[in-house]
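Trainee: I am new to this structure, and I would like a close look at a single part of it. Could you take me through one sheet slowly, strand by strand, together with whatever packs on it?

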Amino acid sequence: MNWGETKSGKLAKSLNSSEEELQALSSRYEAILAAVPDIIMEVDANKIYTWANQAGLEFFGEGVIGKEASFYFEGEQETYNRVKPIFEGDENVIYLESWQRRKDGEKRLLAWWCRVLKDANGNVIGVISTARDITERKQIEEQIRLQNQLFEKTIESLSHPFYVIDAHNYQIKMANTATTVFNSISADTTCHALTHNLNHPCRGMRYACPLEEVKRTKKPVTLEHIHLDKDCNARHVEIHGFPIFDDAGNVVQMIEYSLDITARKQAEEALLESEAKWRSLTENSPDYIMLLDRDVKILFINHTILGLTREQVIGTSFFDYALPEFKKATRTCFNRVLKTAEPGQFESTYQYEDGRIQYFESYVGPVIKNGKTVGLTVSSRDITDRKQAEISLRKSLEISRQHEAEVSALLKGSRAVLQYSEFEHAARSIFDSCKSLIGATAGYVALLNKEETANELLFLDSGGLNCFVDPTLPMPIRGLRERAYRTGKTVYENDFLDSEWTQFLPSGHAPLENVLFAPLKLNGKAVGLLGLANKSGGFTADDVRMATAFGELASVALMNSRSLESLEASEQRFRSTAQSAGDAIISIDSEGNIIFWNNAAEKIFGYSKDEIIGQPVTSLMPERFREAHLTGMNRVISTGKSSLLGKTYEMIGLRKGGREFPVELTVSSWKTKHELFFTGIVRDITQRKIIEEELKRSHEELESRVIERTRELMTVNKALRKEIAERKRTEKKLLDYQQRLRSLSSDLTLTEERERRRIATDLHDRIGQALAMAKIKLSEIRTSTAEIEHRIELDEIYELLEQTIQDTRSLTFDISPPILYELGFELAIEWLAEKFQQQYNIPVDFRDDGEHKPLNNDIRIVLFRIVRELLINIVKHASAKNVIVSIERKGNKLLIHISDDGIGFDLSNIENVKGMKGGFGFFSICERLDFLGGRFTVESKVGHGTRVTLEAPLSE
């Protein structure tokens, strides 16, 4: 075998291997699509479902394929109107939400992302849609909206001005309607502009700034101020400020509400002027107003509670009616007012027998006579409504802060999924966020081993506790862990020390007060655990909800990590295959510049990778072809259509240095989101062209010589003998070329089999016909020649021609037997068995089970060639006396058994067994069958013969 033949053989093997890798990559992509948790559906132009991934089949049911999409609509929907532009060719992604009926009949809200599908000609053939069940999310959003609405209504219902101030720029961030008593509010209104008509903060004024006090003390404050209403009237107000902190403990905002105490101030002044007038006013006040002496005995009260009369109350101590829990704070307030003569304030509650609670806000002022404080005034206001609003507000704020913390933690976990490609890093970040949010002090993340019998620890956080168990040891699936794996749900135990699960703890394990396990699931199956332990107060249902969410994030991270590992391995194998390919593989961008260049391209064209990357691909073709190439490429980019993509055609290449040479080119395109790329596979066919030219010249020379020698037969016997000798040499040369052709054909791909058929047809139709014509003319000469001497010589020539014709027919069958295409595979194998029996005198028993065995043309050709090679191998090396060739159908596969009773061989040396035509061994047969989806097995033992089985897929 010459150099060109060996190279072609390697090339064929490399191409087979590349296609196998591409098929494997396609299978992995299909597996990834099946593992995607989102629903992926495909409809044709008639809106009939034609394909669904596993999530889609699980949602709609196995019977979804073949049904119209509207079959699953719930209620009247505008879905078809929304996606109408897509079916008209719009390539934009359209988002919509629609109610769909799940296979169990439940109504679910799905979010859809829809995009058009087009064929190679740009015609709309359907739509591909991705969907996600957002029913629970919508319900949560509605709950949040209602909670916010309740919060806003609660604030708005307050009769006092209520607003939130930014601690940095003093701007009003939120305010209720009652705030407009001061002024109108815009987006940049500040608190000092609202209440004081100032363009700067109210530092240095008579009254302290509530915001500055809150920022200084970081505590709620209550103080009095004078505010200007919208008519510029001064109003005495009592301000209550509450700080709002960020995560670092800094005051970022302040809640402020103000009570207009102008009337109270005026009442106090009026009280000092006229006690009688004061008594008259207090009688009509809705507040509880009392006058106390220095011993806090009640001297006057305008209203009473508890069903007591004024007479019963007058003279008794104020503390006779104060609840024990408020006595200390009340006494402190009274003493401070008596001592300083400055007003004071306290709050108290009273609970009735029916459980109803009434809240009071009491203001304490001094009663001064002759410069001395002789008593106290107490004004108690029913603030039950306000308190209940405050409690509701605090609860809403607590819920909001909790939701904010949960969202923040989940976002941090989500960022870890996107940030880390290695699962361990992502899992660690997700675990830390979950542990911190829930409040556990210890935990771990573990994955199920391959045998699914134990956990393998990914990492452990002992929370500072001593644990003497080897963390590298697998954890058996039992106890509470087993329940999490079996149910696929988050489980927990808050009384772990007294539970049945403690029996499964190994010796030396850290003490566990409570534990929680959240499963990590892939394709609905638990493959790992996120474990938490030792939370103060125990785990709650909210903890289960959040741990489940973090477990789902970890599952996504695990799936991403495994997918990335598979894709990186696939890309590495592709690059390795491309670099080892015998053909040049070249990729270009939409500008026509080279972006990929394999080793074979460097050998074929002579440019190194550093020289050619980034250069225009037109530098690899002669000048006369460049303009046409650029025009064609621009047409493909603009229209997306080309008659050359995917086809193999011949053209002229240009080596480094300017030398032209013939190439065979196959071009394909691939597209990213923003750009179109092209990849070409280039084969140097210089050697093949040389062989074709030599074969063509040989045919022409043979025809010429046959005609010439036939004409010279009628002249002289000596010239005839010379012609016969010359023709024998020519025929020998032709047989040599034919032998080279057969050897070359065995190394080429299935496409070259069509070339073999063309050559066989030429031999039959041209050379065979020419020889037959020569035979007829020679027969006429024999008939017209009377001389005995000439008749004997002519007979010899006639027999020689007859033998040549037979040899030509035999050669035609060897190159490409017509029986394989005309009568079918089974009869072709039977004919091959009979031929070998006749040719080599070895009994070949052919057996067929008679079943229908449809095969595509490629598999039929390869199997015929392999059977022939194996029979030749038996003749050459097996020393067999009997051979059996049997064909049978087994399911959707074809089985061919070839057995002999020869000398056999040691299977351990199978890699060294050759003997096949053209140098192909068992490895070559195995590779060819693997490429076709088949299998090759050998059974042999020294001295006991050999049995070979070929397995290939049927076409139906």
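**A walk through one sheet**

Mentor: Let us begin with a pair of strands, β30 and β31, which run antiparallel to each other and are paired over six bridges. Please keep in mind that the model is a predicted one. Within this pair, arginine 935 has glutamate 951 of β31 as its bridge partner. The two strands, β30 and β31, make a hairpin in which five residues lie between them, and in the turn glycine 943 takes a positive phi of about 85 degrees.

From the hairpin we can step across to the next strand, since β31 is also joined to β29, again in the antiparallel sense, through eight bridges. Here leucine 894 is matched with alanine 952 of β31 as its bridge partner. As for how far β31 is covered, six of its eight residues are buried, so that this strand is mostly covered, where buried stands for a relative accessible area under 20%.

With these pairs in mind, the whole arrangement can be set out: the sheet is open and has five strands, in the order β27-β28-β29-β31-β30, and its pairing is mixed. The strands at the edges are β27, residues 844-848, and β30, residues 935-940; each of them has a single partner strand, and therefore one side of each is left without a neighbour in the sheet. Going from one strand to the next, the twist averages 15 degrees.

At the other end of the order given above, β27 pairs with β28, which spans residues 883-890, and this pairing is parallel and extends over five bridges. One of the contacts that can be named here is that of arginine 847, whose bridge partner in β28 is serine 886.

Two helices that pack on the sheet remain to be described. Helix α23, residues 825-840, touches β27, β28 and β29, the last of these being residues 893-900, and the direction of the helix makes about 170 degrees with that of β27. Helix α24, residues 857-878, also packs on the sheet, where it touches β28, β29 and β31, the last of these being residues 946-953, and its direction makes about 10 degrees with that of β29.

To retrace the path on your own, you might start at the hairpin of β30 and β31, cross from β31 to β29 by their eight bridges, and finish at β27 and β28, which pair in the parallel sense.

Technical notes
Residues numbered from 1 in each chain as written. Predicted model: local features only at pLDDT ≥ 70, side-chain atom pairs only at ≥ 80, totals over all residues. Heavy atoms only, no water. Pairing = 2+ DSSP bridges. Helix = DSSP H or I, 4+ residues; strand = E, 2+ residues; numbered from the N terminus. Axes fitted to C-alpha atoms, helices over the stretch in contact; angles between N-to-C directions. Contact = heavy atoms within 4.5 Å. Buried < 20%, exposed > 50% of the residue type's maximum accessible area, 1.4 Å probe, protein only.
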